[in-house]
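Welcome to this short briefing. Take a moment to look over the sequence and the structure, and then we will walk through some features together.

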Amino acid sequence: MRTLTRPGGKAYWVVLTATLVLFTVAFLVPLLWVLLGAFKPPAELAQQPPTILPQTWEPGAYADAWNYMDLGKFFLNTIVVAFGAWAVQMAVIVPAAYALSKLKPLFGNVVLGLMLATLMLPATALLVPVYLTLTDLDLLNNPAGIWLPAAANALNVYLLKRFFDQIPEELLEAARIDGAGTWTTLIRIVLPISRPILAVVSIFTVVAAWKDFIWPLLVFPDPAKQTLSVALQRFAPDTPINLLLAGLVLASLPMVALFLAFQRHILAGLTAGSIKG
Amino acid sequence: MRRHVTAYGFLSLALVVFAVFSWYPIVRGVVLSFQQVNFVSDPEWVGWENFQRLFDDPLFAVAWRNTAWFTVLALVIGFGVPFLTAVVLNELRHAKGYFRLLVYLPVMLPPVVTALLWKWFYDPGPGLFNSVLRELGLPTSQWLDSGNTALISIVLLTTWANMGSATLIYLAALQTIPGELYEAAELDGAGIARKVWHVTIPQTKFVILMLLLLQVVATMQVFTEPFIMTGGGPEDSTVTVLLLLYRYAFVYNDFGTASALSLILFAVLGVFSFLYLKVTRRADA
């Protein structure tokens with residue numbers, strides 16, 4: 001579709017080249033700079049003017065960083081937090097959205113309204129009372145302290161409900177006539193049809209949990225239980241810079257890999273819930 | 001009747017989770033704002049004392065000024081840059097996948113990682129930015145080490161880190177604009193700038209407005225970046241409202257005053273959240 005300019009003209013190639021250069025410099029160069037930086041010894045990193053390719057390669061930096069910061073432990077903690085958050089969220093919101101959409105309970109709209117009302121609140125307005133509730137329930141240093149509050153996600157309930165609403169009633173009726181119970185209908189009919197929206201909600205839940213900082217900071221005072229984000233900021237001041245850079249790269253790799261694998265879902269999911277042109 | 005029982009069975013987990021971690025804390029937050037909590041004796045009602053303490057704290061005004069300034073900068077830079085980028089990308093027919101990939105890559109990185117990376121880039125000595133400026137013979141900057149530039153340095157980082165999602169949402173909105181509108185404008189003799197002003201912006205105004213409000217709500221709650229990069233300094237120039245809230249709650253253990261500050265923050269942000277919901281509903285209709 002042609003829009004602002006005529007395609008194929010000289011101006012087009014100028015703009016294309018400029019954008020290519022600008023994007024590469026803005027987004028690729030800094031990341032390559034870090035990737036390569038981790039291979040340089042600290043003295044070379046402090047040198048002026050800086051080197052582009054390492055003069056002295058220290059290929060061991062990534063392994064050293066792994067051992068120095070005990071990253072294996074924090075990776076495992078983060079995986080438990082992120083995938084636990086996903087599992088708990090699914091167990092909570094899928095049946096809820098199904099009930100609100102297809103079982104139409106008495107006062108269902110009131111329940112949905114009360115859930116959606118929580119979206120009005122900035123997340124941080126609840127920082128203190130949720131934290132105190134977690135201490136009352138003795139959930140500090142416990143991954144459940146992340147999983148459970150994260151599961152109270154009204155936006156995801158709403159997204160799922162809206163998708164379920166579009167599933168034709170006749171389909172569920174047919175299942176019922178074939179003798180399927182409510183659970184069977186959910187698992188055999190509704191979930192397989194809803195795979196696209198489930199994928200979107202799942203990916204965004206895992207990514208959000210992996211990226212989060214403030215909640216893990218509050219929930220895990222015990223250093224041994226911390227997630228990567230919290231551990232990295234704790235180690236940052238006392239870690240040789242090349243090891244820290246290697247640690248930052250390693251902590252990002254799973255999310256970059258996830259993005260490369262699920263690009264289509266992630267980019268489609270961006271516009272799924274909120275935006276219509 | 002049985003249908004309702006079954007339905008509430010399916011809803012039960014969600015009701016418990018929302019009640020314990022959302023609805024009850026809302027009420028508790030309001031109550032706490034008027035209490036003094038010390039975990040030794042029972043909470044004590046103190047009326048408006050917590051609010052009074054906040055208003056007497058010189059950092060309170062500083063934090064709000066910084067947050068407002070941060071929000072304005074984030075709107076000018078963090079809103080303008082993605083929109084312009086989307087308009088340009090919408091014109092291009094080549095390397096689309098590459099552009100999308102690159103612009104969204106930083107969104108996937110944990111904010112702690114980007115904050116620590118940029119802290120290293122901003123190092124006034126051997127940092128990437130000053131090195132490049134020096135190579136080009138341009139004046140260097142103190143970046144995070146000066147009260148004049150620390151806040152804007154953080155805005156630049158958050159723009160870089162978050163512009164992927166805004167850019168791609170704008171791009172999706174731009175692609176829904178019918179091409180005939182541009183052709184009609186062209187027949188009327190409109191140049192590129194006027195086409196953007198008279199066609200592109202009016203056609204995407206709901207999306208623009210929604211992202212604008214979302215961005216206000218998000219930037220007013222900024223915490224991770226100043227916490228990691230500057231800790232609020234230099235000269236308190238990057239103390240945000242949330243950083244102050246964090247200090248009251250988790251450094252001074254004064255949960256009552258922290259809650260009072262949450263309540264004020266909520267009142268301010270509530271306006272924007274309300275507008276956002278109204279706009280969303282109108283766009284949906």
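Which residues of chain B does the UniProt annotation "domain: ABC transmembrane type-1" cover? The annotation, from an unreviewed UniProt entry, covers residues 64-276 of chain B. Please keep in mind that this is a predicted model. Below, we start with the annotated spans, go on to the place where the chains meet, and finish with individual residues.

**The annotated spans**

- In chain B, residues 64-276 are 75% helix and 0% strand. The C-alpha atoms at the two ends of this span are 22 Å apart.
- For chain A, UniProt lists "domain: ABC transmembrane type-1" at residues 75-262, again from an unreviewed entry.
- That span of chain A is 76% helix and 0% strand, and its end C-alpha atoms lie 21 Å apart.

**Where chain A meets chain B**

- The contact draws on 105 residues from chain A and 102 residues from chain B.
- Together the two chains bury about 9,200 Å² between them. Carbon and sulfur atoms account for 77% of that area.
- How many salt bridges are there between chain A and chain B? The count is 1 salt bridge.
- The partners are R28(B) and D136(A), whose closest N and O atoms are 3.0 Å apart.
- There are also 13 residue pairs in polar contact across the interface, with both residues of each pair at pLDDT 80 or more.
- On the side of chain A that touches chain B, helix α1 (residues 10-37) of chain A supplies the largest share, with 15 residues.
- If you sort the residues on that side of chain A by character, you get 79 nonpolar, 19 polar and 7 charged.

**Salt bridges within the chains**

- Over all chains, a search of the whole structure finds 8 salt bridges.
- One pairing in chain A joins D165(A) to K161(A), with the closest N and O atoms 2.9 Å apart. Why are these two about one helical turn from each other? They sit 4 residues apart in helix α8 (residues 154-165) of chain A, so about one helical turn separates them.
- The surroundings of the two partners can be described as well: D165(A) is partly exposed at 36% relative accessible area, whereas K161(A) counts as buried at 15%.
- In chain B, D254(B) forms a salt bridge with R53(B), and their closest N and O atoms are 3.3 Å apart.
- This pair links distant parts of the chain, 201 residues apart. D254(B) is in the loop between α12 (241-251) and α13 (255-284) of chain B, while R53(B) belongs to helix α2 (residues 49-56) of chain B.
- Is D254(B) buried or exposed? D254(B) is buried, with a relative accessible area of 11%, while R53(B) counts as partly exposed at 29%.
- Salt bridges with shared partners join E49(B), R53(B) and D254(B) into one network.

**A closer look at D70(A)**

- D70(A) is found in the loop between α3 (61-68) and α4 (71-103) of chain A.
- The phi angle of D70(A) is near 55 degrees, which is a positive value in a residue other than glycine.
- D70(A) also forms a salt bridge with K73(A), the closest N and O atoms being 3.4 Å apart.
- Both partners count as partly exposed: D70(A) has 37% relative accessibility, and K73(A) has 35%.

**The loop between α11 and α12 of chain B**

- A cis peptide bond joins G233(B) and P234(B), with omega at about -15 degrees.
- P234(B) lies in the loop between α11 (224-229) and α12 of chain B.
- D236(B) is found in the loop between α11 and α12 too. Its phi is near 60 degrees, a positive value in a residue other than glycine.
- At 33% relative accessibility, D236(B) counts as partly exposed.

**A buried threonine, T114(B)**

- Where in chain B is T114(B)? Its place is in helix α5 (residues 111-121).
- T114(B) has a relative accessible area of 2%, so it counts as buried.
- Setting aside neighbours within four places in sequence, T114(B) is in contact with P106(B), L109(B), L157(B) and W160(B).
- One of these partners, L157(B), is 43 residues from T114(B) along the chain, and the C-alpha atoms of the two are separated by 7.9 Å.

Technical notes:
Residues numbered from 1 in each chain as written. Chains lettered and ligands numbered in written order. Predicted model: local features only at pLDDT ≥ 70, side-chain atom pairs only at ≥ 80, totals over all residues. Heavy atoms only, no water. Contact = heavy atoms within 4.5 Å. Buried area = accessible area lost by both parts, 1.4 Å probe. Salt bridge = Lys/Arg side-chain N within 4 Å of Asp/Glu carboxyl O. Polar contact = N/O pair within 3.5 Å; in protein donor to acceptor, adjacent residues only side chain to side chain. Nonpolar A, V, L, I, M, F, W, Y, C, P; charged D, E, K, R; others polar. UniProt positions renumbered as here; feature names shortened; annotations may be inferred. Buried < 20%, exposed > 50% of the residue type's maximum accessible area, 1.4 Å probe, protein only.
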